[in-house]
Amino acid sequence: MGLFKWVNFFTIIIFIFFFSATPVFSDFSSTSNDHLSIPNFLDLAKEPKVFDWMVSIRRKIHENPELSYQEFETSKLIRTKLDELGVQYKHPVAVTGVIGYIGTGLPPFVALRADMDALLIQEMVEWEHKSKVPGKMHACGHDAHVAMLLGAAKILKDREKHLHGTIVLVFQPAEEGGGGAKKILDAGALEKVSAIFGLHVLNNLPLGEVASRSGPIFAGNGFFKAVISGRGGHAAIPQHSIDPILATSNVIVSLQQIVSREIDPLDSQVLTVAMIQGGGAFNVIPDSVTIGGTFRAFSNESFTQLRHRIEQIITGQAAVQRCHATVSFLEEEKPFFPPTVNDGGLHDYFQSVAGSLLGADKVKGMQPMMGSEDFAFYQEAIPGYIFLLGMEDVSVERLPSGHSPYFKVNEDVLPYGAALHASLASRYLLKLRQEVPIVEGKYHDEL
């Protein structure tokens, strides 16, 4: 009987010690205890003081849209909000970018990214916070992306002492064709980062759902411009001219045959001629015609081959019609975006975290999309993962797609983005800590 009492006594002592030693953020793989030990970031993000704060930020940015590398007021607003939160940051990075830090300031490091540039589109939505800048609009949701990352910063800063490393907040300029992600990398801002996460709002995915996939998710993207030159003259005597319009017609038709006749049908690629300029009168053959377009593929090899054939066909077909052609791929003003390829290990991790936060039934798979994302530059340098965040509420309205002058953001999406950012980053730091335990005093380097 005495032995039995001692066994019970030690059992109670061990039980008390075990639960008192449980960290605030437990191992993400221990899903049975996640809800007991990890803050519900979604509930926190939905609190009025956080939600209303994010809405206000998003509307201010929406009213003052700024194009790539011109996001000076947006950057200033971000820095003001980080100052209010007591978050340290670096600026300028990549012209207008801001890099914030929450946590210990020591390894491990995990990054969260929000793009912040607008588009050359005249907003057609009539509402109180319509764009105040003629011809410019946040028509892709980047205003919401910034607000959500600031929202994540707000709820993470309140729990900074519980973080097992440093969360790097990347407020990135120039996603819309300017390659801002590449400039962030070139500036050395993410040299010690172990992984980076990003999101993009989606108009036709239900609110509270996410969609993504492992491997290629968005295509690599490039642009081209060609000038086909002949010799102008009177349309009534074409034999005295060299007609660049006829040559251009053959060029366009031949370009469309690359995908239909030369490419493996299982290797999805797109080539679109979207711009043509030539001539200004009904009875005059012009001296030259200019065309332009975009090409996309899901592998660097396919992308390179497509580029090669575009130049070859344009110059060759022009020569057949006695014209001369020059081809530019606009690499300085519109750099190539590589394919966006999600890391397989991060995909499993994302499904676990998103499923825990939203419910497993809210985490969807998806097919690759021909749209492009300069988030791909990060993924070429470090493990990266990007996902789509739904914001459609059909009981209210169906939302127009991105890059539409009628584009809208359902602001109820903001807490979901903030909570996913916070959950992904905080749990990933814990995951890294458990995989490679940090010896006290071992690290002295800062990002």
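Strands here are DSSP runs of E at least two residues long, numbered from the N terminus. With that in hand, P108 can be placed in the loop between β2 (97-103) and β3 (109-115). Keep in mind that this is a predicted model.

**Backbone oddities**

P108 is worth a look because of the bond leading into it: the peptide bond from P107 to P108 is cis, with omega near -5°. There's another cis bond to check, running from H91 to P92, again with omega near -5°. P92 sits in strand β1 (residues 88-93). Then there's V95, in the loop between β1 and β2. V95 isn't a glycine, yet its phi is positive, near 80°.

| Where | Backbone value |
|---|---|
| H91 to P92, cis | omega near -5° |
| P107 to P108, cis | omega near -5° |
| V95 | phi near 80° |

**A helix crossing**

Now over to the helices. Two packed helices are described by the angle between their axes and the distance between the axes. For helix α4 (residues 48-63) and helix α12 (residues 414-435), the axes come within 10 Å and cross at roughly 105°. Angles of 65 to 115 degrees count as roughly perpendicular, so that is the label for α4 and α12. On the α4 side, the contact is made by F51, M54 and V55, and α12 brings L414, P415 and A418. What classes do the residues of this contact fall into? The contact of α4 with α12 has 6 nonpolar residues, no polar ones and no charged ones.

**The largest pocket**

Finally, the largest pocket, which holds about 940 Å³ of space. Its lining has 33 residues, and those closest to the pocket centre are C140, E175, E176, S372 and H403. Three elements give two or more residues to this lining, namely β5 (193-206), β8 (220-229) and β16 (384-392). Which of the elements supplies the largest share? That's β5, with 4 residues.

By class, the lining of the largest pocket splits into 16 nonpolar, 11 polar and 6 charged residues. And where does the lining come from in terms of domains? Domain 1 (41-218 + 339-433) and domain 2 (220-328) each put in at least three residues.

How values were computed
Residues are numbered from 1 along each chain as its sequence is written. This is a predicted model: local features need pLDDT of at least 70, side-chain atom pairs count only at pLDDT 80 or more; totals for chains, interfaces and linings use all residues. Side-chain values use heavy atoms; hydrogens and water are left out. On a 1 Å grid over the protein atoms alone, a cavity is a set of points where a 1.4 Å probe fits but cannot get out, and a pocket is an open set with protein on both sides within 12 Å along at least five of seven lines; lining residues have an atom within 4 Å of a point. Grid points are joined across faces, edges and corners, and a volume is the space filled by probe spheres set on the points. Ala, Val, Leu, Ile, Met, Phe, Trp, Tyr, Cys and Pro count as nonpolar, Asp, Glu, Lys and Arg as charged, and the others, Gly among them, as polar. Domain bounds come from an automatic or database domain assignment. Axes are lines fitted to C-alpha atoms, for helices over the stretch in contact, and angles run from 0 to 180 degrees between N-to-C directions. Angles under 35 degrees count as roughly parallel, over 145 as roughly antiparallel, 65 to 115 as roughly perpendicular and the rest as oblique. Contact means heavy atoms within 4.5 Å.
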